[in-house]
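Colleague: Got a minute to walk me through this model? Short answers are fine.

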Amino acid sequence: MHGVNDAGPLLVTGGAGFIGSAVVRRLLREGRRVVNVDALTYAGNLESIPNWASDPNHLFAHVDICDGAALRELFAVHRPVGVIHLAAESHVDRSIDGPGPFVRTNVEGTATLLDEVRRHWQSLPAARAERFRFLHISTDEVFGSLGAEGSFTEETPYRPNSPYAASKAASDHLVRAWHHTYGLPVVTTNCSNNYGPYQFPEKLIPLCILNGLEGKPLPVYGDGRNVRDWLHVEDHADALLTVLARGRVGETYNVGGHNEQENLAVVRGICDALDAVAPLPGGVPHASLITFVKDRPGHDRRYAIDASKIQRELGWAPAHTFASGLRETVTWYVQHRSWWERVRSGAYRGERLGLGVVA
């Protein structure tokens with residue numbers, strides 16, 4: 001079983017989000033107790049966790065990580081044996097339109113959480129303190145943009161280019177500082193672009209799937225040649241629990257899917273999958289909906305992750321190819337219309353974000 005070697009609960013921040021809910025689902029399947037801490041901002045959705053209200057191993061706490069007093073009470077009551085920190089504002093385009101929430105949650109929130117984690121960790125008996133872990137989940141966007149060759153490694157210098165990336169870089173530095181200053185037993189991961197079921201439909205893949213199902217234009221930024229390394233969210237959840245169980249304290253691990261794809265190729269792949277499972281009236285190809293739009297400001301050209309360290313040291317490798325994962329993801333959205341229709345009835349309706357215009 002994955003996880004720290006203790007019978008106590010794990011506290012997961014952002015557990016109602018896309019990656020967080022995948023981690024929570026995995027932990028619950030393994031019989032772990034989870035304290036799920038989430039502020040339920042626009043992208044948080046407890047419906048991403050089946051039976052979330054009735055599963056006796058799942059406790060939901062509607063708490064903002066900037067609320068130190070509420071966090072302190074959670075730690076005092078539940079005495080978690082580890083923390084998986086996923087709570088974050090995560091959408092680049094939204095950070096361009098309004099950086100403030102990103103600084104608040106990703107920087108101030110992480111600092112507040114770290115202080116309360118340190119307080120809790122220092123109160124534990126020696127044996128439990130020795131086993132305690134704080135796992136911090138970050139992004140490859142902190143490294144900036146790559147040229148045509150090469151990959152990000154754990155030693156790549158930080159060069160964030162968007163307000164989102166800068167806020168995540170700051171959070172990474174805070175985690176490192178709490179480890180080196182206070183001895184807090186931390187491990188950090190930096191992942192590539194995630195995709196898969198239950199993703200909020202502002203990101204490229206679910207947005208294009210849903211637009212395609214509705215016969216709407218499929219927006220592609222610029223020339224569509226920007227490259228990302230795609231990681232299936234279930235592979236990511238497996239990697240995170242592997243790092244939690246076996247990662248070395250103070251280390252960072254890059255997590256990638258070994259799936260570099262140009263954005264235009266991703267959208268065309270979605271079109272092919274939709275043509276097969278949800279054809280448009282009259283057999284019109286979904287690719288006819290592709291629409292090139294003005295590029296977003298500061299759009300990094302290429303990301304690629306070198307994930308050889310986590311494979312070499314911890315034995316983790318992704319199980320999904322991009323082709324199989326994308327087909328599975330398209331099919332999931334086709335079969336779960338009620339989930340995304342409820343999501344779309346809320347704050348996000350597929351509008352264009354990231355033009356630098358404050359909402």
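**Cavity, pocket, cores**

Modeller: Let's start inside: the count comes to one cavity of 30 Å³ or more. Keep in mind that this is a predicted model.

Colleague: What volume does the largest cavity have?

Modeller: About 50 Å³.

Colleague: Which residues line the largest cavity?

Modeller: The lining is Val92, Ile96, Glu141, Asn161, Ser162, Arg228, Arg296, Pro297, Gly298, His299, Asp300 and Tyr303. By class, that lining has four nonpolar, four polar and four charged residues.

Colleague: Now pockets. What is the volume of the second largest pocket?

Modeller: Its volume is about 320 Å³. The second largest pocket is lined by 20 residues, and Tyr158, Arg176, Thr188, Gly250 and Thr252 are the closest to its centre.

Colleague: Which element gives the largest share of the lining of that second largest pocket?

Modeller: Helix 6, with six residues. Helix 6 spans 163-182. Strand 6 (186-191) and strand 10 (252-255) also supply at least two residues each.

Colleague: And how many residues of each class are in the lining of the second largest pocket?

Modeller: Five are nonpolar, nine are polar and six are charged.

Colleague: Switching topic. Which residues touch the most other members of the largest nonpolar core?

Modeller: Val23, Leu27, Ile84, Leu86, Leu135 and Ile310. The largest nonpolar core has 35 residues. Several elements give two or more residues to this core, including strand 1 (10-13), helix 1 (18-29), strand 5 (133-139), helix 8 (233-246) and helix 10 (308-314). Strand 6 and strand 10 are on that list too.

Colleague: Take Leu135. What does Leu135 touch?

Modeller: Leaving out residues up to four places away in sequence, Leu135 touches Val83, Ile84, His85, Val187, Thr189, Leu240, Val243 and Leu244. Apart from the largest core lies another core, of 30 residues. Phe200, Cys208, Val266 and Trp340 are among its members.

Colleague: Cys208 caught my eye. Is Cys208 buried or exposed?

Modeller: Cys208 counts as buried, because its relative accessibility is 0% and the cut-off for buried is under 20%.

Colleague: And how many disulfides does a search of the whole structure find?

Modeller: Zero. Cys208 is in no disulfide: the nearest cysteine sulfur, that of Cys271, is 7.4 Å away. A disulfide needs two cysteine sulfur atoms within 2.5 Å.

Colleague: What about Cys66, buried or exposed?

Modeller: Cys66 is buried, with a relative accessible area of 14%.

Colleague: Back to Cys208. How many residues of helix 7 are buried?

Modeller: Nine of its ten residues, so helix 7 (204-213) is mostly covered. The buried ones are Ile205, Pro206, Leu207, Cys208, Ile209, Leu210, Asn211, Gly212 and Leu213.

Colleague: Which elements do the buried residues of helix 7 pack against?

Modeller: Strand 7 (193-195), strand 8 (218-221) and strand 9 (227-232), plus helix 9 (263-277), helix 11 (322-335) and helix 12 (337-344). Just after helix 7, Gly215 takes a positive phi of about 70°.

Colleague: Last one. Where does Glu155 lie?

Modeller: Glu155 is in the loop between strand 5 and helix 6.

Colleague: Why is Glu155 classed as exposed?

Modeller: Because its relative accessible area is 63%, and exposed means over 50%.

Colleague: How far apart are the C-alpha atoms of Glu155 and Ser95?

Modeller: They are separated by 26 Å. Along the chain, Glu155 and Ser95 are 60 residues apart.

Methods: Residues are numbered from 1 along each chain as its sequence is written. This is a predicted model: local features need pLDDT of at least 70, side-chain atom pairs count only at pLDDT 80 or more; totals for chains, interfaces and linings use all residues. Side-chain values use heavy atoms; hydrogens and water are left out. Buried means under 20% relative accessible area, exposed over 50%, partly exposed in between (1.4 Å probe, protein chains only). On a 1 Å grid over the protein atoms alone, a cavity is a set of points where a 1.4 Å probe fits but cannot get out, and a pocket is an open set with protein on both sides within 12 Å along at least five of seven lines; lining residues have an atom within 4 Å of a point. Grid points are joined across faces, edges and corners, and a volume is the space filled by probe spheres set on the points. Helices (H or I, at least four residues) and strands (E, at least two) are DSSP runs, numbered from the N terminus. Ala, Val, Leu, Ile, Met, Phe, Trp, Tyr, Cys and Pro count as nonpolar, Asp, Glu, Lys and Arg as charged, and the others, Gly among them, as polar. A nonpolar core is a set of buried Ala, Val, Leu, Ile, Met, Phe, Trp, Tyr and Cys residues joined through side-chain atoms within 4.5 Å. Contact means heavy atoms within 4.5 Å.
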